[in-house]
Amino acid sequence: MKNFFILVTVLLLAVSIDSLIAQDDHAMNEEMMKAWQDYMTPGAMHEVLASKVGKWKADVTMWMDPTQPPSTSEATTVCEAILGGRYFQS
């Protein structure tokens, strides 16, 4: 009977310790998720990039050889926000 009482006590102790560890893990997971959400939220730099969204036309001038006249061309690009404004694609 004494061995049974010791076994039950040890099992109850193990279960309660496991329960406490699981609660700590849950709280830590919630803190980590909040930190990731804050990290993923677009910020001030995303606003700067968002000002460049749209269709752009450019006149490009390149000098391949300083002794020769420059080469000129026209270019167009479309810049758009993707993945909830976290990234920009052009």
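This briefing describes the strand pairing and a surface patch in the structure above. The model is a predicted one. In it, three strands make up an open sheet with antiparallel pairing, arranged in the order β1-β2-β3, and a nonpolar patch of about 580 Å² lies on the surface.

**Sheet arrangement**
- The edges of the sheet are taken by β1 (54–62) and β3 (87–89), and because each has a single partner strand, one side of each is left without a neighbour in the sheet.
- From one strand to the next, the twist averages 30°.

**Pairing of β1 with β2**
- Nine bridges join β1 to β2, and the two strands pair in the antiparallel sense.
- Within this part of the sheet, Ala-58 stands opposite Ala-75 in β2.

**Pairing of β2 with β3**
- Strand β2, which covers residues 71–82, pairs with β3 over three bridges, again in the antiparallel sense.
- Ile-82 has Tyr-87 of β3 as its bridge partner, while Ala-81 stands opposite Phe-88 in β3.
- These two strands, β2 and β3, form a hairpin with four residues between them, and in the turn Leu-83 has a positive phi of about 55°.

**Nonpolar surface patch**
- The residues that make the patch of about 580 Å² are Met-28, Met-32, Trp-36, Tyr-39 and Met-40.
- One of these patch residues, Met-32, is found in helix α1, which spans residues 2–40.
- Met-32 has a relative accessibility of 43% and therefore counts as partly exposed, since that class lies between the limits of under 20% for buried and over 50% for exposed.

Definitions and conventions: Residues numbered from 1 in each chain as written. Predicted model: local features only at pLDDT ≥ 70, side-chain atom pairs only at ≥ 80, totals over all residues. Heavy atoms only, no water. Pairing = 2+ DSSP bridges. Axes fitted to C-alpha atoms, helices over the stretch in contact; angles between N-to-C directions. Patch = residues over 30% accessible without salt bridge, like charges linked within 9 Å, V, L, I, M, F, W, Y side chains within 5 Å. Areas by Shrake-Rupley, 256 points an atom, 1.4 Å probe, with all protein chains shown as cover. Salt bridge = Lys/Arg side-chain N within 4 Å of Asp/Glu carboxyl O. Buried < 20%, exposed > 50% of the residue type's maximum accessible area, 1.4 Å probe, protein only.
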